[in-house]
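The following exercises are to be worked with the sequence and the coordinates at hand. Each task is followed by a solution in steps.

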Amino acid sequence: MDEPTYFSTRLTDDPRRAAVWVHVARYLRPWVRADGSVLDLAAGRGELTAALDANRRVAIDLHPGLAELVPEDVEAVVGDATDLSLFADAEFDTVTASNFIEHLDHAESDRCFTEVLRVLRPGGHLILIQPNFALAPRAYFDDYTHRTIHTDVSLADRLGAAGFDMARI
């Protein structure tokens with residue numbers, strides 16, 4: 001995949017999208033500690049990261065211009081969101097990812113889940129927001145970079161197999 005082309009066509013600036021993330025972040029408040037730390041995987045333009053209420057917010061993405069896209073109070077890390085070796089064990093209270101896991105093959109998502117378990121504090125939360133193939137099979141592959149199919153059931157099974165306990169699906 002040619003990342004710069006993908007970013008320029010799929011991650012264009014759209015103020016309506018940022019407004020949606022404000023509402024999503026409100027819904028996620030029970031699982032995000034305001035006095036805690038959040039790591040947002042494959043953060044894109046950082047709209048979800050910016051909307052979350054947390055003491056420390058970190059966005060990681062391959063986008064080379066990430067630092068220019070996120071607010072100054074969000075730490076921007078340009079890098080592979082499946083390789084979290086830059087971060088310490090138990091460094092984050094919450095890890096989020098929106099529309100990311102379907103872009104990975106199984107080996108990559110397994111590596112990502114292992115890393116997330118490592119960087120999450122005990123009792124921390126992984127929050128995944130994903131397209132559900134069962135609900136929108138015709139549109140699922142409209143993004144040519146989708147590599148794996150997930151439903152609410154299959155993704156929950158994969159996460160359980162990876163060592164996560166489900167709090168809410």
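**Exercise 1. Determine how the span of helix 5 in this predicted model compares with the expected value, and which side of the helix is buried.**

Solution.

Step 1. Helix 5 covers residues 106-119, which is 14 residues. From its first C-alpha to its last it reaches 20 Å, close to the 20 Å expected at 1.5 Å a residue.

Step 2. Under the criterion of less than 20% relative accessible area for a buried residue, the buried residues of helix 5 are Ser109, Cys112, Phe113, Glu115, Val116 and Val119. Because they cover an arc of only 165 degrees around the axis, they lie on the same side of helix 5. An α-helix has 3.6 residues a turn, so residues three or four places apart point the same way.

Step 3. The face turned away from the buried side of helix 5 carries the exposed residues Ala107 and Thr114.

Step 4. The packing partners of the buried residues of helix 5 are strand 1 (37-41), strand 4 (92-98), strand 5 (120-129) and helix 6 (152-162).

Step 5. At the start of helix 5, the backbone nitrogen of Ala107 has a side-chain oxygen of Asp105 within 3.1 Å.

**Exercise 2. Establish where Gly36 lies, whether it is buried or exposed, and which residues it is in contact with beyond its neighbours within four places in sequence.**

Solution.

Step 1. Gly36 is located in the loop between helix 2 and strand 1.

Step 2. Its relative accessibility is 5%, so Gly36 counts as buried, the limit being under 20%.

Step 3. With neighbours within four places in sequence left aside, Gly36 is in contact with Ala54, Asn55, Arg56 and Asp93.

Step 4. Gly36 and Thr94 are 58 residues apart in sequence, and their C-alpha atoms are 7.9 Å apart in space.

**Exercise 3. Characterise the salt bridge between Arg56 and Glu91 by its distance, its location and the accessibility of both residues.**

Solution.

Step 1. The closest N and O atoms of Arg56 and Glu91 are 2.7 Å apart, which satisfies the salt-bridge cut-off of 4 Å.

Step 2. Arg56 belongs to strand 2 (residues 56-61) and Glu91 to the loop between strand 3 (74-78) and strand 4, so the pair ties together parts that are 35 residues apart in sequence.

Step 3. Arg56 is partly exposed at 24% relative accessibility, whereas Glu91 is buried, with a relative accessible area of 16%.

**Exercise 4. Identify which residues are linked with Asp93 in a network of salt bridges, and describe the pairs.**

Solution.

Step 1. A search of the whole structure finds 10 salt bridges. Side chains of opposite charge can pair when their charged atoms come close.

Step 2. One of the pairs joins the side chains of Asp93 and Arg121, with an N to O distance of 2.7 Å. This pair links distant parts of the chain, as Asp93 is in strand 4 and Arg121 in strand 5, 28 residues apart.

Step 3. Asp93 counts as buried at 7% relative accessibility, while Arg121 is partly exposed at 33%.

Step 4. Another pair is formed by the side chains of Arg33 and Asp35, at 3.0 Å from N to O. Arg33 is partly exposed, with a relative accessible area of 44%, and Asp35 counts as exposed at 55%.

Step 5. The result is that Arg33, Asp35, Asp93 and Arg121 are linked in a network of salt bridges.

Methods:
Residues are numbered from 1 along each chain as its sequence is written. This is a predicted model: local features need pLDDT of at least 70, side-chain atom pairs count only at pLDDT 80 or more; totals for chains, interfaces and linings use all residues. Side-chain values use heavy atoms; hydrogens and water are left out. Helices (H or I, at least four residues) and strands (E, at least two) are DSSP runs, numbered from the N terminus. The expected span of a helix is 1.5 Å times one less than its number of residues. Buried means under 20% relative accessible area, exposed over 50%, partly exposed in between (1.4 Å probe, protein chains only). The arc is that of the directions from the helix axis to the C-beta atoms. Contact means heavy atoms within 4.5 Å. A polar contact is a pair of N or O atoms within 3.5 Å; within protein, one must be able to donate a hydrogen and the other to accept it, and residues adjacent in sequence count only if both atoms are side-chain atoms.
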